[in-house]
Amino acid sequence: MTWQPYYVGDGIPRDVELGAPPPWRSFPRQTLHRQFQPPPGLATAVNAALALRRPLLVTGPAGSGKSTVIEQVAAELKLGDPLRWHITSRSTLNEALYRYDALGRIHAQRLSGPDGNDDIAPFLRLGPLGTALLPSPRPRALLIDEIDKSDLDLPSDLLDVLERGTYEIPELGRYTEDVVRVRKWDSDARTEIERGQVQCDQFPFIVMTSNGERDFPAAFLRRCIRFTMPKPTVESLRAVVEAHLGHVSDAGQAPVVDHLVQEFVNRVTAGGSLAVDQLLNAVHLLTGGSALTDADQQEVVKLVLRELSRA
């Protein structure tokens, strides 16, 4: 049974079996490359970005599956686990390329004295973008998530790196050793960097996501392949629900699913702000043997399908 009254509110301790979580809330987290249902036109945009070695800028509302695109492409093309750079208003290009702990190195030098070890490698680590641009026999996959949340200058700062596929680590350019082995972003494996220069030989497959909350400079946009996620339809949402929750195809569950899907589409078409994972939450709670009364079902739907435009 999906729904159980685990919490009663009487303060009495009891043994409760919480049951299995939804598939998308199981940990360690599994990628959703098999469940993702690409909308019409997305495959063409991905293939154009791959052929032209250009970043793919995917725009759409929260929860529309933008960040899952790269998981499916990386899995199908065997590009390895995607690297991820989640953007905030404080994100900078430099931190995406590499991280240098200058204070940690100064402290270590003071502790070791004038004749101590001056190895710079322990205090350097490549960032997600810096790791993606390393020479590699196969392109790496990199997600730059929610780039519209960035500082105004960040998209322009990215232009030169995305155009030339190269960057410099000045601290290594001034270092006494010509070659330094630096840790990668996604592991403790090290890569050799000579005189602080990194030049890619296989441009990474980059997906940048945007919620459409700001405009970008024309110079930035012309370097991207752009795709806008379409509004969901009844057919596309049924396919998504089926991919994530196969049991809902049972005849007994179909009326509940059809009602939830139709209500979701009606609200989105009317301008409502909802995410697809909210629909999946509602379907998960109201199917699979749920014993909720009609009144309780309405209360659950109201709870999990709340508008995202307000708290």
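Two strands count as paired if DSSP finds at least two bridges between them. With that in hand, this briefing looks at a predicted model and at how some of its strands and helices are arranged. One part of the picture is an open sheet of 5 strands with parallel pairing; another is helix 10 (residues 254-269), which packs with helix 9 (residues 234-244) and also comes within 10 Å of helix 11 (residues 276-286), axis to axis.

**The open sheet**

- Arg84 stands opposite Leu143, a residue of strand 5, and strand 5 (residues 141-145) is joined to strand 2 by 4 bridges, the two strands running parallel.
- Read across the open sheet, the order of its 5 strands is 2-5-10-1-11, and the pairing is parallel.
- Strand 2 (83-86) and strand 11 (225-228) each have a single partner strand and stand at the edges, so one side of each is left without a neighbour in the sheet.
- If direction is ignored, neighbouring strands of this sheet are turned against each other by 20° on average.

**Helix 2 on the sheet**

- Helix 2 (residues 69-76) packs on the sheet, where it touches strand 2, strand 5 and strand 10 (205-210), and its direction makes about 180° with that of strand 5.
- Of the 8 residues in helix 2, 6 are buried, and the helix is therefore mostly covered, given that buried means under 20% relative accessible area.
- The buried residues are Val69, Ile70, Glu71, Gln72, Val73 and Ala74, and the buried residues of helix 2 pack against helix 1 (42-52) as well as against strand 2, strand 5 and strand 10.
- Just after helix 2 comes Lys78, which takes a positive phi of about 55°.

**The hairpin of strands 7 and 8**

- Strand 7 and strand 8 form a hairpin, with 6 residues between them, and 5 bridges join strand 7 (residues 179-183) to strand 8 (residues 190-194), the two running antiparallel.
- In a regular strand, side chains alternate between the two faces of the sheet.
- Strand 7 shows such an alternation, for Val180 and Val182 point to one face and are buried, while Val179, Arg181 and Arg183 point to the other face and are not buried.
- Val180 stands opposite Ile193, which belongs to strand 8.

**Helix 10 and its two partners**

- Helix 10 and helix 11 have axes that cross at roughly 155°, and angles over 145 degrees count as roughly antiparallel, which is why these two helices are described as roughly antiparallel to each other.
- The contact between them is made by Val256, Val257, Leu260, Val261 and Phe264 of helix 10, together with Val276, Leu279, Ala282, Val283 and Leu286 of helix 11, and by class it has 10 nonpolar, no polar and no charged residues.
- Helix 10 passes helix 11 in a right-handed crossing, and the crossing of helix 9 and helix 10 is right-handed too.
- Helix 9 and helix 10 pack at an angle of about 130°, with their axes 10 Å apart, and they are therefore oblique to each other.
- On the side of helix 9 the contact involves Val234, Leu237, Arg238 and Val241, which meet Val257, Asp258, Val261, Gln262, Phe264 and Val265 in helix 10.
- The residues of this contact between helix 9 and helix 10 divide into 7 nonpolar, 1 polar and 2 charged.

Conventions: Residues numbered from 1 in each chain as written. Predicted model: local features only at pLDDT ≥ 70, side-chain atom pairs only at ≥ 80, totals over all residues. Heavy atoms only, no water. Axes fitted to C-alpha atoms, helices over the stretch in contact; angles between N-to-C directions. Parallel < 35°, antiparallel > 145°, perpendicular 65-115°, else oblique. Left-handed = near helix turned anticlockwise from the far one by under 90°. Contact = heavy atoms within 4.5 Å. Nonpolar A, V, L, I, M, F, W, Y, C, P; charged D, E, K, R; others polar. Buried < 20%, exposed > 50% of the residue type's maximum accessible area, 1.4 Å probe, protein only.
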